[in-house]
Amino acid sequence: MPHVKDGIEFLEAKPVPRPGRWVSAAFIGLIAVIALHSLATNPNYQWDVVAQWVFSQTIVSGVLFTLLLTVLAMALGTVLAITMAVMRQSVNPILRGVATFYIWFFRGTPIYTQLIFWSLLPSLYPTIGIGIPFMEPFVEFSTIDYFTPLWMAFIGLGLNEGAYLAEIIRAGLLSVDKGQWEAATALGMPRSMIFRRIILPQAMRVIVPPIGNETISMLKTTSLVSAIPYTYELTFVARTKGQALFLPIPLLIAAALWYLLITTLLMMVQSRIERHFGKGFDRRDSPTPTHDRQAAINRSHTTNDDPFIEVTP
């Protein structure tokens, strides 16, 4: 019902009923309850075996090797990506062509196929020499002695990841207005300082979210290094141990719980980094909401209470 105050009639707005929302929420909630009940009561999951093995030395060592592989691959991929992103924007056609070919090749072939070829590296190149091209090498060593499965997995994943990250970083660099390059150049700043102090900090706001997603994806992509084969990775270890014990389901569930835990932590870190580089862009992250700022301005008595006092006759 409308009510009157100071001779003005105010209407009391009521929200429009939306029964569809409640019906859909109840339906989804019912499905979630059924799924949770199934997980808790189905004896085939063997949760007691999962609890027995989730912190076992076998699974924990697989987690540590998976994290090591993820960190190494992302570090190599990031270095290659920054290099290729800069080369893609170079005025030198040779550098631009090399970067384009690298991105085209590693994005155009499946990662599993690439890892298989890395496992065949000792067959393709039994020895590798260092020296002047088309002359006798100064140093020569056997490939199989130095390229262990860990090195093959690390290099294979890093090279593939670098091609995808290069496009992400290039998009972030292009998001910064070109006028800032020109203004910094006019001030006499070298290109390296412009890139490091002006362009990259602003581009990080665009770069961080997809790189965070790529890091989470890399954590799970490490399960493909069994193609080399690298036998210390979490999924490979859990599957092998489960097959040996005739308990494949609980061992894989233990591995999945570790993946979920690590992914959750990575998402939390990504969120904090995004907020750090998003300062000044997202008004929702402002420590002082708009109405609080306006109240502080009014309390300072630096403005007139009536904004139209200067134009009101």
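These questions and answers walk through a predicted model.

Me: Which helix holds Thr-235, and is Thr-235 buried or exposed?
Reply: Thr-235 sits in helix α11, which covers residues 234–245. Its relative accessibility is 19%. Buried means under 20%, so Thr-235 in helix α11 counts as buried.

Me: Which residues does Thr-235 contact, leaving aside neighbours within four places in sequence?
Reply: Contact here means heavy atoms within 4.5 Å. With those neighbours left aside, the partners of Thr-235 are Ser-223 and Tyr-259.

Me: How many aromatic pairs are there?
Reply: Ring centres must lie within 6.5 Å to pair. By this rule the count is 11.

Me: What kind of aromatic pair do Phe-141 and Tyr-146 form?
Reply: The two ring centres are 5.1 Å apart. The angle between the planes is 75°. Planes over 60 degrees apart take one label, so the pair of Phe-141 and Tyr-146 is edge-to-face.

Me: Is Tyr-146 buried or exposed?
Reply: Its ring partner Phe-141 has 21% relative accessibility and counts as partly exposed. Tyr-146 has 54%. The cut-off for exposed is over 50%, so Tyr-146 counts as exposed.

Me: What kind of aromatic pair do Tyr-230 and Tyr-232 form?
Reply: Their centres lie 5.8 Å apart. Their planes stand at 65°. Over 60 degrees is the cut-off, so the Tyr-230 and Tyr-232 pair is edge-to-face.

Me: Is Tyr-230 buried or exposed?
Reply: Its partner Tyr-232 is partly exposed, at 47% relative accessibility. Tyr-230 has a relative accessible area of 3%. Under 20% is the cut-off, so Tyr-230 is buried.

Me: Which residues do ring pairs link into a cluster with Trp-104?
Reply: The cluster is built from ring pairs. Besides Trp-104, its members are Phe-101, Tyr-102, Phe-105 and Phe-106.

Me: Which residues does Asn-160 touch, not counting those up to four places away in sequence?
Reply: Asn-160 lies in helix α8, residues 149–174. Asn-160 is buried, because its relative accessible area is 8%. One partner, Phe-106, also belongs to the ring cluster. The full set is Phe-106, Thr-109, Ile-111 and Gln-114.

Me: Where is Gly-97, and how many Å separate Gly-97 from Met-87 in space?
Reply: Gly-97 is in helix α4, residues 93–108. Gly-97 is partly exposed, with a relative accessible area of 36%. Gly-97 and Met-87 are 10 residues apart in sequence. In space, C-alpha to C-alpha, the separation is 8.5 Å.

Terms used
Residues are numbered from 1 along each chain as its sequence is written. This is a predicted model: local features need pLDDT of at least 70, side-chain atom pairs count only at pLDDT 80 or more; totals for chains, interfaces and linings use all residues. Side-chain values use heavy atoms; hydrogens and water are left out. Helices (H or I, at least four residues) and strands (E, at least two) are DSSP runs, numbered from the N terminus. Buried means under 20% relative accessible area, exposed over 50%, partly exposed in between (1.4 Å probe, protein chains only). Rings of Phe, Tyr and Trp (its six-membered ring) pair if their centres lie within 6.5 Å; planes under 30 degrees apart count as stacked, over 60 as edge-to-face and the rest as tilted.
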